[in-house]
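Reader: I would like to learn how to read a model of this kind, feature by feature. Could we begin with the way helices pack?

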Amino acid sequence: DAATVVEAAGMQGVPKFWAMLDQMMSGQQTWANSGNYREIWRGYAEKIGLDVPKWESDAAGLGTKGRIDLDIQRARALGVSSTPSVYINNKLIPFADVNVSTMKQLIDSEIEATTKASAPANSAAGTNAAAANQTVNTSK
């Protein structure tokens, strides 16, 4: 249900998708533990300036549910089983490590590994080629 209300908000424009997602994520503790969560979501829709009747209609529509079903199928095909799921260089990052300090370390480590892997080898052939490139050809 939460995914459908966010998708329905997105049908009124990409900025509305992100605004509703932000509301849903920041208020999750409130609505997740409430028997009246739909009214809370409606309040979010009003707060971000949605056309609320259209939003409610879109959230109930088959098109929105179909989009979510396709997203679920793609996620399962990729092995994604939770939201959020973060990958760095095709490696799933455990949810407990999805924080600024750990992510910075992981990204820096991947950049360093990539930089080392792509650095040219310092071989005699490489040194000779570099010297040859600096030689000026004066013959005609």
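Author: Two packed helices are described by the angle between their axes and by the distance between those axes. In this predicted model, helix H1 (residues 2-10) and helix H6 (residues 62-78) pack at an angle of about 115 degrees, and their axes are 9 Å apart. The crossing of H1 and H6 is right-handed.

Reader: Which residues of H1 and H6 make the contact?

Author: An α-helix has 3.6 residues a turn, so residues three or four places apart point the same way. Here H1 contributes Ala 3, Thr 4, Glu 7 and Ala 8, while H6 contributes Thr 64, Lys 65, Arg 67, Ile 68 and Asp 71. Sorted by class, the contact of H1 with H6 holds three nonpolar, two polar and four charged residues.

Reader: What span should the 17 residues of H6 have?

Author: At 1.5 Å a residue, H6 should span 24 Å, and its end C-alpha atoms are 24 Å apart, so the expected and the modelled spans agree. H6 is followed by Gly 79, whose phi is positive, near 85 degrees.

Reader: How should I read a positive phi, and which residue that is not a glycine has one?

Author: Most residues other than glycine have a negative phi. Asn 89, although it is not a glycine, has a positive phi of about 50 degrees, and it lies in the loop between strand E1 (86-88) and strand E2 (91-93). Asn 90 lies in the loop between E1 and E2 as well, and its phi is also positive, at about 65 degrees, although Asn 90 is not a glycine either.

Reader: Are Asn 89 and Asn 90 buried or exposed?

Author: Asn 89 has a relative accessible area of 47%, so it counts as partly exposed, the exposed class being over 50%. Asn 90, with 77% relative accessibility, counts as exposed.

Reader: Where does Val 98 lie, and which residues does it touch?

Author: Val 98 is placed in the loop between E2 and helix H7 (100-118). Leaving aside residues up to four places away in sequence, Val 98 touches Val 86, Ile 93 and Met 103. With Val 86, the separation along the chain is twelve residues, and the C-alpha atoms of the two are 7.5 Å apart. Because its relative accessibility is 31%, Val 98 counts as partly exposed.

Reader: Could we set beside that a residue placed in a helix, such as Pro 53?

Author: Pro 53 is found in helix H5 (residues 52-60), and because its relative accessibility is 56%, it counts as exposed. Pro 53 and Arg 42 are eleven residues apart along the chain, and their C-alpha atoms are separated by 9.8 Å.

Reader: Stepping back, how many helices and strands are there in the protein, and what pattern does it follow along the sequence?

Author: The protein has eight helices and two strands, and, read along the sequence, these follow the pattern α-α-α-α-α-α-β-β-α-α.

Reader: What share of the protein is buried, and what area does it expose?

Author: Of the 140 residues in the protein, 19% are buried. The protein exposes about 10,100 Å², and carbon and sulfur atoms supply 57% of that area.

Reader: Finally, what share of the contacts comes from residues 24 or more positions apart?

Author: Taking the contacts in the protein with a separation of 6 or more, residues 24 or more positions apart account for 45% of them.

Methods:
Residues numbered from 1 in each chain as written. Predicted model: local features only at pLDDT ≥ 70, side-chain atom pairs only at ≥ 80, totals over all residues. Heavy atoms only, no water. Helix = DSSP H or I, 4+ residues; strand = E, 2+ residues; numbered from the N terminus. Buried < 20%, exposed > 50% of the residue type's maximum accessible area, 1.4 Å probe, protein only. Axes fitted to C-alpha atoms, helices over the stretch in contact; angles between N-to-C directions. Left-handed = near helix turned anticlockwise from the far one by under 90°. Contact = heavy atoms within 4.5 Å. Nonpolar A, V, L, I, M, F, W, Y, C, P; charged D, E, K, R; others polar. Expected span 1.5 Å × (residues − 1). Areas by Shrake-Rupley, 256 points an atom, 1.4 Å probe, with all protein chains shown as cover.
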